[in-house]
Amino acid sequence: SMDSEVVQDWSDLPRECLEKILEFAGPLTTSTASQVCKDWRKVGEGEALWRTLAHNANYRLNDEWRNTRESFKFTLQTNRNWSKGRFQYHPWPVQHDTWITGLAMDAQHVVTGSNDRTLVVWDRLSRQWSHILKGHSGQITCVGIHGNVVASASRDKTVRLWDIRTETHLESLESPTQCNVNGLVMNENVVVCACTKNVLHVFDRKTGDLVRTLRGHSGPVYGVDIDGETVVSGSVDRTARVWDLKSGECIHTLGKDTYDGVTCVSMNSKQVAVGDLEGIVRVWDILNGNMMYELEGHSDWIRNVAFSSDRVCSVGRDCNVKVWELSTQPRRDGLDTRHHGFIKRTVDPDELKDGKISLGGPLTIHTNHAEMRCVVMDEAEVIAGGKDGLLHTWRFAPKDEAYEYSCHIMARMNTSTLTTLYSDRFRFRAQNRYPLW
């Protein structure tokens, strides 16, 4: 009718309509549209809008960021670097004089254990060591960290808990089988140890008491990981098992006759990656026990695997460190969801350290150098340690002064108010230094 209101210009659109349009337009268009006028800028920088865009892109944003738009930008740039094989290589200072045999990390710390019988606690941002823990009489076999507590196992057949704030030994966990521990994981409640006596021991972290023994493997257990109330273990009996921690029951037996001995496992909330003596990494669905991916690329057995979101990193006895982006791999269960992945080309060791190349299938970030023994990873970087006694980092996340400084303040002061204050101050400098996309 003649009385109906007609929108003559895009700028006349109600805010709610413009937000819906930008949700479908995507992040690049949203960023461009926010430069049209002040009203559009308010809409284009809205927290709710960018959280919706992150949800649509299946991005997990870092909660340390106060500005959702900047967090989205950081995540987008990081994912692009992973897909294109762009990284920065950083060696760490020398501290161990022999093999690094255990490696664990959290947001602020990295912990290493070595055949030299010592544990070293590192500051992750500065890549400098902060504490050296001594007490084991045998070679370290594995380490774990949660909060301010570090767990370590040794060939002296002991498992020790340490407080990294005071550099003191808290408690020793005594196994009734008096066996070597090949792997351990911990959370806020328990420490789970994989033993050579074919069992897993579950200890109460606060009291040190043995609360449960998981039985079912017919060979030594060499890999273990935990997520909530779910534990995954791998053994030389050619199987990996998924356990319910509360009941102690085995939910799934993975592999059975598929493997030639399981050497390591790693899991996220839905999947588990299993490495074996064949040099193959297989990824299984935890809920139904079906194999999803079979990742071939190593010429020798797998020493260690690490899982982060949609990526798996593996280190092999063939001196290679490989990163697999699962969304580019064919699925074994028939649900093929591949998209364009890494570009194939010949590996040049000199180019690998500079982060200049992209490869087909897996991304090989380390080859023909010292053999790696253990690896950890998250959304930003891969950290590995091995025969040369050194830690090596391959960082895919872009360097961002605001993000790193806010994490540093949070780690040191543990005060969200200070983090916000300093983040705002340095984010202004970061925004003026880097373009949006």
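Here are three short exercises on a predicted model, centred on helix α5. Local features need pLDDT of at least 70, side-chain atom pairs count only at pLDDT 80 or more, and totals for chains, interfaces and linings use all residues. Residues are numbered from 1 along each chain as its sequence is written, and side-chain values use heavy atoms, with hydrogens and water left out.

**Exercise 1.** Check the span of helix α5 (residues 68-84) against its residue count.

*Solution.* Start with the rule: the expected span is 1.5 Å times one less than the number of residues. For the 17 residues of α5 that gives 24 Å, and the end C-alpha atoms are 24 Å apart, so the two agree. Just past the helix comes G85, with a positive phi near 70°.

**Exercise 2.** Work out how α4 (residues 47-56) lies against α5.

*Solution.* First, fit axes as lines to C-alpha atoms over the stretch in contact, with angles from 0 to 180 degrees between N-to-C directions. The two axes come within 8 Å and cross at roughly 25°. That makes α4 roughly parallel to α5 (angles under 35 degrees count as such). Next, list contacts (heavy atoms within 4.5 Å): E47, W50, R51, L53 and A54 of α4 meet T68, R69 and F72 of α5. Sorted by type, these are four nonpolar, one polar and three charged.

**Exercise 3.** Find how many residues of α5 are buried, then do the chain.

*Solution.* Take buried as under 20% relative accessible area (1.4 Å probe, protein chains only). In α5, 13 of its 17 residues qualify. Across the 437 residues of the protein chain, buried ones make up 53%.

How values were computed. Helices (H or I, at least four residues) and strands (E, at least two) are DSSP runs, numbered from the N terminus. Buried means under 20% relative accessible area, exposed over 50%, partly exposed in between (1.4 Å probe, protein chains only). Angles under 35 degrees count as roughly parallel, over 145 as roughly antiparallel, 65 to 115 as roughly perpendicular and the rest as oblique. Ala, Val, Leu, Ile, Met, Phe, Trp, Tyr, Cys and Pro count as nonpolar, Asp, Glu, Lys and Arg as charged, and the others, Gly among them, as polar.
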